[in-house]
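Biologist: Hello! I am new to reading protein structures, and I would like to go through one with you. Could you show it to me?

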Amino acid sequence: MDRRSPMQAEPRMSSWATERFGARAADVRRQLAASLREAAENAQDAQKWSRSDKRYAYGSTLMARRYEALVAGFRNEPGFQVIRPYRSPHHLVVLDGNLFLPFRYAEDDTTPISEARISDGRVSALARELFTRYGPRTIYTQEELDLGVDEHDDELDEVRPLLARLPADTRLIPVAYAANAQASLLRLYWGEAELVDDLGHIHWLHCEPIPLLAASSPWVPQTVPLDRPDAAPDTAARFDAAAEPDLTLTRRPAVERENPALFPVRSEPHDEPRTADADERA
(Lines give C-alpha, C1' and ligand atoms only; values in the text may rest on other atoms or scores of the structure.)
Protein backbone atom coordinates (compact mmCIF):
# COMPACT_ATOMS: atom_id res chain seq x y z
CA MET A 1 0.00 0.00 0.00
CA ASP A 2 1.22 3.50 -0.83
CA ARG A 3 2.32 5.17 2.41
CA ARG A 4 4.25 8.10 0.94
CA SER A 5 4.00 11.34 2.86
CA PRO A 6 1.67 13.76 1.05
CA MET A 7 2.82 17.29 0.34
CA GLN A 8 -0.22 18.75 2.04
CA ALA A 9 -2.22 17.88 5.11
CA GLU A 10 -4.94 15.30 4.62
CA PRO A 11 -8.41 15.83 6.07
CA ARG A 12 -9.09 13.98 9.28
CA MET A 13 -10.55 10.51 8.97
CA SER A 14 -14.29 10.22 9.46
CA SER A 15 -15.81 7.92 12.04
CA TRP A 16 -17.33 5.94 9.14
CA ALA A 17 -13.92 5.23 7.57
CA THR A 18 -12.35 4.42 10.92
CA GLU A 19 -15.16 2.02 11.71
CA ARG A 20 -14.58 0.26 8.39
CA PHE A 21 -10.77 0.06 8.41
CA GLY A 22 -9.54 0.97 11.88
CA ALA A 23 -6.08 2.48 12.30
CA ARG A 24 -5.16 1.99 8.64
CA ALA A 25 -8.14 3.91 7.26
CA ALA A 26 -5.89 6.77 6.08
CA ASP A 27 -3.63 4.33 4.22
CA VAL A 28 -6.62 2.68 2.55
CA ARG A 29 -8.02 6.03 1.46
CA ARG A 30 -4.64 7.14 0.13
CA GLN A 31 -4.15 3.91 -1.80
CA LEU A 32 -7.56 4.18 -3.43
CA ALA A 33 -6.58 7.61 -4.74
CA ALA A 34 -3.16 6.41 -5.91
CA SER A 35 -4.54 3.34 -7.70
CA LEU A 36 -7.32 5.17 -9.52
CA ARG A 37 -5.00 8.02 -10.47
CA GLU A 38 -2.63 5.45 -11.95
CA ALA A 39 -5.49 3.85 -13.88
CA ALA A 40 -6.61 7.22 -15.26
CA GLU A 41 -3.07 8.12 -16.32
CA ASN A 42 -2.61 4.73 -17.99
CA ALA A 43 -5.80 5.39 -19.95
CA GLN A 44 -4.48 8.79 -20.98
CA ASP A 45 -1.28 7.18 -22.24
CA ALA A 46 -3.26 4.61 -24.21
CA GLN A 47 -5.31 7.34 -25.83
CA LYS A 48 -2.20 9.35 -26.68
CA TRP A 49 -0.40 6.45 -28.34
CA SER A 50 -3.52 5.33 -30.21
CA ARG A 51 -3.25 8.56 -32.24
CA SER A 52 -7.00 8.47 -32.67
CA ASP A 53 -9.63 11.16 -32.19
CA LYS A 54 -12.01 8.47 -30.95
CA ARG A 55 -11.94 7.67 -27.24
CA TYR A 56 -12.12 3.90 -27.52
CA ALA A 57 -8.55 3.39 -26.30
CA TYR A 58 -9.15 5.60 -23.27
CA GLY A 59 -12.45 4.03 -22.28
CA SER A 60 -11.41 0.40 -22.64
CA THR A 61 -8.09 0.94 -20.84
CA LEU A 62 -9.74 2.76 -17.95
CA MET A 63 -12.36 0.03 -17.67
CA ALA A 64 -9.70 -2.65 -17.21
CA ARG A 65 -7.06 -0.73 -15.29
CA ARG A 66 -9.37 0.58 -12.56
CA TYR A 67 -9.80 -2.99 -11.33
CA GLU A 68 -6.21 -4.10 -11.96
CA ALA A 69 -4.68 -1.10 -10.21
CA LEU A 70 -6.78 -1.74 -7.11
CA VAL A 71 -5.68 -5.38 -7.04
CA ALA A 72 -2.02 -4.40 -7.38
CA GLY A 73 -2.31 -1.66 -4.76
CA PHE A 74 -3.88 -3.81 -2.05
CA ARG A 75 -2.45 -7.23 -2.92
CA ASN A 76 0.01 -7.39 0.00
CA GLU A 77 -2.35 -6.05 2.65
CA PRO A 78 -3.75 -8.20 5.48
CA GLY A 79 -7.38 -9.07 4.93
CA PHE A 80 -7.02 -8.87 1.13
CA GLN A 81 -9.25 -11.03 -1.08
CA VAL A 82 -10.24 -11.01 -4.72
CA ILE A 83 -13.30 -12.41 -6.40
CA ARG A 84 -13.86 -12.82 -10.11
CA PRO A 85 -17.59 -13.04 -10.84
CA TYR A 86 -18.85 -15.42 -13.46
CA ARG A 87 -18.26 -14.20 -17.03
CA SER A 88 -16.52 -11.07 -15.77
CA PRO A 89 -12.95 -10.37 -16.97
CA HIS A 90 -12.31 -8.24 -13.88
CA HIS A 91 -11.38 -9.03 -10.28
CA LEU A 92 -13.05 -7.20 -7.40
CA VAL A 93 -11.05 -6.34 -4.29
CA VAL A 94 -12.30 -7.20 -0.81
CA LEU A 95 -10.37 -5.69 2.13
CA ASP A 96 -11.30 -6.36 5.74
CA GLY A 97 -14.69 -7.56 4.53
CA ASN A 98 -15.31 -4.42 2.43
CA LEU A 99 -15.89 -4.93 -1.28
CA PHE A 100 -14.79 -2.03 -3.51
CA LEU A 101 -16.91 -1.26 -6.57
CA PRO A 102 -15.18 1.45 -8.67
CA PHE A 103 -17.20 3.28 -11.32
CA ARG A 104 -17.01 6.52 -13.26
CA TYR A 105 -19.95 8.77 -12.53
CA ALA A 106 -18.94 11.83 -14.61
CA GLU A 107 -16.46 13.17 -17.15
CA ASP A 108 -16.23 16.61 -15.52
CA ASP A 109 -15.79 18.10 -12.06
CA THR A 110 -19.12 19.92 -12.00
CA THR A 111 -21.60 17.03 -12.00
CA PRO A 112 -22.93 16.62 -8.43
CA ILE A 113 -22.09 13.32 -6.81
CA SER A 114 -25.77 13.12 -5.81
CA GLU A 115 -26.55 12.51 -9.50
CA ALA A 116 -24.15 9.58 -9.78
CA ARG A 117 -25.14 6.50 -11.74
CA ILE A 118 -23.15 3.28 -11.72
CA SER A 119 -23.97 2.59 -15.35
CA ASP A 120 -24.77 4.48 -18.54
CA GLY A 121 -27.36 1.91 -19.46
CA ARG A 122 -29.27 -0.81 -17.70
CA VAL A 123 -27.61 -2.19 -14.60
CA SER A 124 -26.03 -5.61 -14.94
CA ALA A 125 -27.22 -8.59 -12.95
CA LEU A 126 -23.88 -8.57 -11.10
CA ALA A 127 -24.25 -4.96 -9.94
CA ARG A 128 -27.83 -5.58 -8.79
CA GLU A 129 -26.77 -8.63 -6.81
CA LEU A 130 -23.84 -6.80 -5.21
CA PHE A 131 -26.11 -4.05 -3.94
CA THR A 132 -28.76 -6.55 -2.87
CA ARG A 133 -26.39 -8.84 -0.98
CA TYR A 134 -23.80 -6.43 0.40
CA GLY A 135 -25.33 -2.96 0.25
CA PRO A 136 -27.15 -1.28 3.14
CA ARG A 137 -30.73 -2.18 3.89
CA THR A 138 -32.96 -0.35 1.45
CA ILE A 139 -34.66 2.71 2.90
CA TYR A 140 -35.27 4.58 -0.34
CA THR A 141 -37.18 3.07 -3.22
CA GLN A 142 -38.44 4.41 -6.50
CA GLU A 143 -41.70 3.28 -8.02
CA GLU A 144 -41.00 0.45 -10.42
CA LEU A 145 -41.87 0.90 -14.07
CA ASP A 146 -43.23 -1.95 -16.10
CA LEU A 147 -40.48 -2.36 -18.68
CA GLY A 148 -41.54 -5.79 -19.80
CA VAL A 149 -38.47 -7.43 -18.28
CA ASP A 150 -38.63 -11.07 -17.26
CA GLU A 151 -38.20 -11.27 -13.51
CA HIS A 152 -36.24 -14.51 -13.85
CA ASP A 153 -32.69 -13.65 -14.85
CA ASP A 154 -30.50 -16.59 -15.91
CA GLU A 155 -27.40 -14.46 -15.37
CA LEU A 156 -28.28 -14.09 -11.69
CA ASP A 157 -28.36 -17.87 -11.32
CA GLU A 158 -24.76 -17.93 -12.58
CA VAL A 159 -23.55 -15.00 -10.46
CA ARG A 160 -24.99 -15.99 -7.11
CA PRO A 161 -22.91 -19.15 -6.42
CA LEU A 162 -19.64 -17.21 -6.71
CA LEU A 163 -20.80 -14.34 -4.52
CA ALA A 164 -22.00 -16.84 -1.93
CA ARG A 165 -18.35 -17.67 -1.23
CA LEU A 166 -17.93 -14.27 0.43
CA PRO A 167 -18.89 -13.93 4.08
CA ALA A 168 -22.46 -12.83 4.66
CA ASP A 169 -21.27 -9.74 6.53
CA THR A 170 -19.27 -8.42 3.53
CA ARG A 171 -20.14 -4.76 2.95
CA LEU A 172 -20.19 -2.95 -0.37
CA ILE A 173 -18.25 0.32 -0.77
CA PRO A 174 -19.02 2.16 -4.03
CA VAL A 175 -15.99 4.17 -5.17
CA ALA A 176 -17.16 6.88 -7.56
CA TYR A 177 -14.77 8.97 -9.64
CA ALA A 178 -14.90 11.67 -12.30
CA ALA A 179 -12.26 11.58 -15.01
CA ASN A 180 -11.64 12.32 -18.67
CA ALA A 181 -8.93 11.85 -21.27
CA GLN A 182 -7.73 15.44 -21.01
CA ALA A 183 -7.62 16.12 -17.27
CA SER A 184 -7.21 12.59 -15.82
CA LEU A 185 -8.71 12.03 -12.36
CA LEU A 186 -10.86 14.96 -11.20
CA ARG A 187 -13.00 13.83 -8.25
CA LEU A 188 -13.15 10.76 -6.04
CA TYR A 189 -15.70 9.63 -3.45
CA TRP A 190 -16.51 6.59 -1.33
CA GLY A 191 -19.27 5.65 1.05
CA GLU A 192 -22.46 3.62 1.30
CA ALA A 193 -25.30 3.67 -1.21
CA GLU A 194 -28.35 1.77 -2.30
CA LEU A 195 -29.37 1.04 -5.86
CA VAL A 196 -32.57 2.90 -6.73
CA ASP A 197 -33.49 1.53 -10.16
CA ASP A 198 -32.34 -0.51 -13.13
CA LEU A 199 -30.94 2.60 -14.82
CA GLY A 200 -28.10 2.83 -12.30
CA HIS A 201 -29.28 5.67 -10.07
CA ILE A 202 -28.07 5.33 -6.51
CA HIS A 203 -29.02 6.98 -3.24
CA TRP A 204 -26.08 7.76 -0.95
CA LEU A 205 -26.56 6.96 2.72
CA HIS A 206 -23.02 8.12 3.42
CA CYS A 207 -20.67 9.82 0.99
CA GLU A 208 -17.38 11.61 1.52
CA PRO A 209 -14.65 12.86 -0.82
CA ILE A 210 -11.26 11.21 -1.06
CA PRO A 211 -8.58 13.92 -1.31
CA LEU A 212 -6.44 13.88 -4.43
CA LEU A 213 -3.18 15.03 -2.91
CA ALA A 214 -0.09 16.02 -4.82
CA ALA A 215 2.44 13.30 -5.44
CA SER A 216 5.44 13.19 -3.12
CA SER A 217 7.92 13.50 -6.00
CA PRO A 218 6.57 16.10 -8.43
CA TRP A 219 8.11 16.50 -11.85
CA VAL A 220 10.69 19.29 -11.90
CA PRO A 221 11.89 20.83 -15.18
CA GLN A 222 15.59 20.30 -15.80
CA THR A 223 17.87 23.34 -15.91
CA VAL A 224 20.98 23.86 -17.99
CA PRO A 225 24.10 24.38 -15.81
CA LEU A 226 25.80 27.72 -16.17
CA ASP A 227 29.37 28.04 -17.39
CA ARG A 228 29.84 31.50 -15.90
CA PRO A 229 32.43 31.28 -13.10
CA ASP A 230 30.81 34.15 -11.20
CA ALA A 231 27.40 32.48 -11.01
CA ALA A 232 26.22 31.19 -7.66
CA PRO A 233 26.06 27.38 -7.41
CA ASP A 234 22.30 27.40 -6.76
CA THR A 235 21.38 29.99 -9.34
CA ALA A 236 18.71 28.72 -11.71
CA ALA A 237 19.70 28.77 -15.36
CA ARG A 238 18.02 31.44 -17.49
CA PHE A 239 17.26 31.12 -21.16
CA ASP A 240 19.34 34.24 -21.85
CA ALA A 241 22.33 33.19 -19.76
CA ALA A 242 23.99 30.92 -22.30
CA ALA A 243 26.70 32.00 -24.72
CA GLU A 244 25.47 33.68 -27.85
CA PRO A 245 25.56 31.45 -30.94
CA ASP A 246 27.77 32.24 -33.92
CA LEU A 247 25.51 33.99 -36.44
CA THR A 248 28.17 34.70 -39.11
CA LEU A 249 26.42 35.19 -42.45
CA THR A 250 27.65 33.37 -45.56
CA ARG A 251 26.58 33.58 -49.16
CA ARG A 252 24.38 30.81 -50.51
CA PRO A 253 26.08 28.54 -53.07
CA ALA A 254 25.59 29.67 -56.63
CA VAL A 255 24.28 26.30 -57.72
CA GLU A 256 21.28 26.66 -55.42
CA ARG A 257 20.41 30.05 -56.83
CA GLU A 258 20.96 29.06 -60.45
CA ASN A 259 19.14 25.71 -60.24
CA PRO A 260 16.01 26.27 -58.17
CA ALA A 261 14.49 23.04 -59.46
CA LEU A 262 17.12 21.07 -57.54
CA PHE A 263 16.32 22.91 -54.33
CA PRO A 264 12.54 23.21 -54.06
CA VAL A 265 11.07 25.42 -51.42
CA ARG A 266 10.23 23.40 -48.33
CA SER A 267 7.02 24.12 -46.50
CA GLU A 268 6.70 23.53 -42.79
CA PRO A 269 4.34 20.69 -41.79
CA HIS A 270 1.13 21.76 -40.14
CA ASP A 271 -1.48 20.00 -38.08
CA GLU A 272 -4.77 19.18 -39.68
CA PRO A 273 -7.77 20.48 -37.75
CA ARG A 274 -9.14 17.86 -35.40
CA THR A 275 -12.71 17.31 -34.43
CA ALA A 276 -13.61 16.56 -30.84
CA ASP A 277 -15.39 13.27 -30.26
CA ALA A 278 -17.37 12.33 -27.20
CA ASP A 279 -15.31 10.41 -24.66
CA GLU A 280 -16.15 6.73 -24.40
CA ARG A 281 -17.54 6.25 -20.90
CA ALA A 282 -16.03 3.29 -19.02
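Biologist: Let me start with one helix: how many residues does helix 3 have, and how far does it reach from its first C-alpha to its last?

Modeller: Good place to begin, and keep in mind that this is a predicted model. Helix 3 has 19 residues and spans 28 Å between its first and last C-alpha, close to the 27 Å expected at 1.5 Å a residue. There is also a bend of about 30° in helix 3, at Arg 65.

Biologist: Which residues of helix 3 are buried?

Modeller: First the general idea: an α-helix has 3.6 residues a turn, so residues three or four places apart point the same way. In helix 3, the buried residues include Tyr 58, Leu 62, Arg 66 and Tyr 67, as well as Leu 70, Val 71 and Phe 74. What the buried residues pack against is helix 2 together with strand 1, strand 2, strand 3 and strand 4.

Biologist: Now let me step back. What pattern does the chain follow along the sequence?

Modeller: The chain has six helices and six strands. Reading along the sequence, you meet them as α-α-α-β-β-β-α-α-β-β-β-α.

Biologist: How much of the chain counts as buried?

Modeller: Of its 282 residues, 38% count as buried. The chain exposes about 18200 Å², and carbon and sulfur atoms supply 51% of that area. Contacts tell you about the fold as well: among those with a separation of 6 or more, 68% are between residues 24 or more positions apart.

Biologist: Which residues have the most contacts inside the largest nonpolar core?

Modeller: As a general idea, nonpolar side chains tend to be buried together in soluble globular proteins. Here the largest nonpolar core has 29 residues, and Phe 21, Phe 74, Phe 100 and Trp 190 have the most contacts inside it. Two or more residues of this core come from each of helix 1, helix 2, helix 3, strand 2, strand 4 and strand 5. Helix 2 gives the largest share, eight residues.

Biologist: Could we look at one of those residues? What does Phe 100 touch, leaving out residues up to four places away in sequence?

Modeller: Its contacts include Phe 21, Val 28, Leu 32, Leu 70 and Phe 74, and also Ile 173 and Val 175. Apart from the largest core lies another one, of 28 residues, with Val 94, Ala 106 and Ala 116 among them.

Biologist: Let us turn to charges. How many salt bridges does the structure hold?

Modeller: The idea is that side chains of opposite charge can pair when their charged atoms come close. This structure holds 10 salt bridges. In one of them, the side chains of Arg 171 and Glu 19 meet at 3.3 Å, N to O. Arg 171 belongs to strand 4 and Glu 19 to helix 1, so this pair ties together parts that are 152 residues apart in sequence. Arg 171 is partly exposed, at 31% relative accessible area, and Glu 19 is also partly exposed, at 48%. Both belong to a network of salt bridges that links Glu 19, Arg 20, Arg 171 and Glu 192.

Biologist: Where do Glu 129 and Arg 133 lie?

Modeller: Both are in helix 4, four residues apart, which is about one turn of the helix. They form a salt bridge, with the closest N and O atoms 2.9 Å apart. Glu 129 is buried, at 7% relative accessibility, whereas Arg 133 is partly exposed, at 33%.

Biologist: What is the phi of Asp 96?

Modeller: Generally, most residues other than glycine have a negative phi. Asp 96 has a positive phi of about 55°, although it is not a glycine. You will find Asp 96 in the loop between strand 2 and strand 3, partly exposed at 34% relative accessible area. Asp 96 also forms a salt bridge with Arg 24, with 2.6 Å between the closest N and O atoms. Arg 24 sits in the loop between helix 1 and helix 2, so the pair ties together parts that are 72 residues apart in sequence.

Biologist: And is Ser 184 buried or exposed?

Modeller: Ser 184 counts as buried, at 9% relative accessibility. This residue is in strand 5, and Ser 184 too has a positive phi, about 65°, without being a glycine.

Note on methods:
Residues are numbered from 1 along each chain as its sequence is written. This is a predicted model: local features need pLDDT of at least 70, side-chain atom pairs count only at pLDDT 80 or more; totals for chains, interfaces and linings use all residues. Side-chain values use heavy atoms; hydrogens and water are left out. Buried means under 20% relative accessible area, exposed over 50%, partly exposed in between (1.4 Å probe, protein chains only). Contact means heavy atoms within 4.5 Å. Accessible areas come from the Shrake-Rupley method with a 1.4 Å probe; for residues, only the protein chains shown count as cover. A salt bridge is a side-chain nitrogen of Lys or Arg within 4 Å of a carboxyl oxygen of Asp or Glu. A nonpolar core is a set of buried Ala, Val, Leu, Ile, Met, Phe, Trp, Tyr and Cys residues joined through side-chain atoms within 4.5 Å. The expected span of a helix is 1.5 Å times one less than its number of residues. The bend at a residue is the angle between axes fitted to the seven residues ending there and the seven starting there.
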